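Hi everyone, thanks for coming. I'll walk you through one protein model today, so have a look at the picture while I talk.

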Amino acid sequence: MRQTAPILIMAISAVSSTVLGKPFGYQTGQYYDQPFRSETNNDDSYAGGMHYDPQHNLVYFTGSTFGTFFDSTRDLESQTLTAMGMSAAEAADSHLSSSGCFLGILKLPSGDGGNPELIYARRFGTSLNMEACSSIELLPGVSDSLLQNGAQFKLAMMGHVNPTPMTSAEVQQSERGQGDRSLRARGLQTSNRGGLLHSIAKTHPVTREGRAYSFLLDFDVSLTVDENFSIGDLPSDTTFSRAYGAFLGGCVFDSSPLVYSVAMTQNARDANQVYTVSLQSDDDFVNINPDFEKVVLQSKMLNANVENGVIERFDGTLGGAGGGGAELVGGVPVYGSDFYVRVQQLTVRSTAELMDVDPTYDEKIKQTFTEGWGF
């Protein structure tokens, strides 16, 4: 079993066993192909990044998941879940064929006693493309008129997509505004319209193998005392029990054929400036990483038609190809073998500027960051 940061392991285990009363498997790396042995929404999830918020005593964490555990908190009425920006639908299949990003918000106990509470959970992605998130940051002090008090703030999540090439028919459907517009990864999307944030990507549509693009996802959070949305101040910084979320858009990095996200940070001198670092490659041909091919692809070929055959679920948060035992392989991109490091500067776009920008047709999002210098 792969290791991750101790505090995140503790957080995930506390959420699953104490709060929800059922186990949740994480960092397991394998699943049984036929038949699925679990009737729960357990499946492989990999830790990508986390951020602690001392003002509200919250932990925000992200990564990639092949399950539906992070679709919502599951303890609210469907109408309330939808209003909060979480999924109210019952998953058609709790074992997903491709990974998606997830966001979890944990409210920590105020004293020595008590347990953390998962007050918000959401999964981002598409059912036909591989998505993973590797970094998350709270962006306090940004110039955003939508954030009206201390209970409202902006989160940014950095991740990447290994897109499934679109067929000519899917490209035509996308250009005509046809086909399935259900882009959240619930196993319902029947035609590929592109990966997460594809509608603001410069290289969309992707029609070739061997591609990866990175993204910065813009997400606003509003803390509330109860289930009702409010724009008023909280009685105190830690007096709240629920959260509302809004997926606004973000920015896509696709200037090279292969861009794998790693980490990000905020400029403490100018809150509207954000810096990201990624692995990038200018290889313009299909080049499956040999370590990935050895561990992941071979397990699929050998066990796909074997009853109860074990198939690898790779750790997409680092572009990794997780294996088992002595053959553990990690930190291996799916494609490419010749990478360089790129640091990118971005600026949060003002609300006034975005008022004149229409949201995209498919995802109903906007490009909320602009790219600056790169190194």
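Let's start with a definition: a disulfide here is a pair of cysteine sulfur atoms within 2.5 Å. In chemical terms, a disulfide is a covalent bond between the sulfur atoms of two cysteines.

Some housekeeping before we hunt for one. This is a predicted model, so local features need pLDDT of at least 70 and side-chain atom pairs count only at pLDDT 80 or more, while totals for chains, interfaces and linings use all residues. Residues are numbered from 1 along each chain as its sequence is written, and side-chain values use heavy atoms, with hydrogens and water left out.

So, how many disulfides does a search of the whole structure find? One. The partners are cysteine 101 and cysteine 133, with the sulfurs 2.4 Å apart. Cysteine 101 sits in strand β4 (residues 100-107) and cysteine 133 in strand β6 (residues 130-138), so the bond links distant parts of the chain, 32 residues apart. When I say helix or strand, I mean DSSP runs numbered from the N terminus: helices are H or I with at least four residues, strands are E with at least two. The torsion about that S-S bond is about 95°, which makes the disulfide right-handed.

Are these cysteines buried or exposed? For that you need the cut-offs: buried means under 20% relative accessible area, exposed means over 50%, and partly exposed is in between (1.4 Å probe, protein chains only). Cysteine 101 is at 0%, so it counts as buried, and cysteine 133 is buried at 0% too. Cysteine 251 is buried as well, at 1%.

Next up, charges. Side chains of opposite charge can pair when their charged atoms come close. The rule for a salt bridge is a side-chain nitrogen of Lys or Arg within 4 Å of a carboxyl oxygen of Asp or Glu. By this rule the count comes to ten.

Take lysine 202, which meets aspartate 254 in one salt bridge, at 3.2 Å from N to O. Aspartate 254 is in the loop between β9 (242-253) and β10 (258-266), and lysine 202 is in the loop between α3 (168-176) and β8 (213-224), so this pair ties together parts 52 residues apart in sequence. What's fun is the contrast: aspartate 254 is buried at 7%, whereas lysine 202 is exposed at 58%.

Lysine 202 also meets glutamate 371, at 3.4 Å from N to O. Glutamate 371 is in strand β15 (residues 369-374), so here the parts tied together are 169 residues apart in sequence. Glutamate 371 is partly exposed, at 36%.

Another salt bridge joins glutamate 353 and arginine 349, with their closest N and O atoms 3.2 Å apart. Glutamate 353 is partly exposed at 38%, but arginine 349 is buried at 15%. And there's a network: Asp144, Lys154, Asp218 and Asp220 are linked by salt bridges.

Last stop, threonine 276, in strand β11 (residues 273-281). Which residues does threonine 276 touch, leaving aside its neighbours within four places in sequence? Contact means heavy atoms within 4.5 Å. The list includes Met158, Leu216, Phe253, Arg342 and Leu346. At 3% relative accessibility, threonine 276 counts as buried.

That's my tour, thanks for listening!
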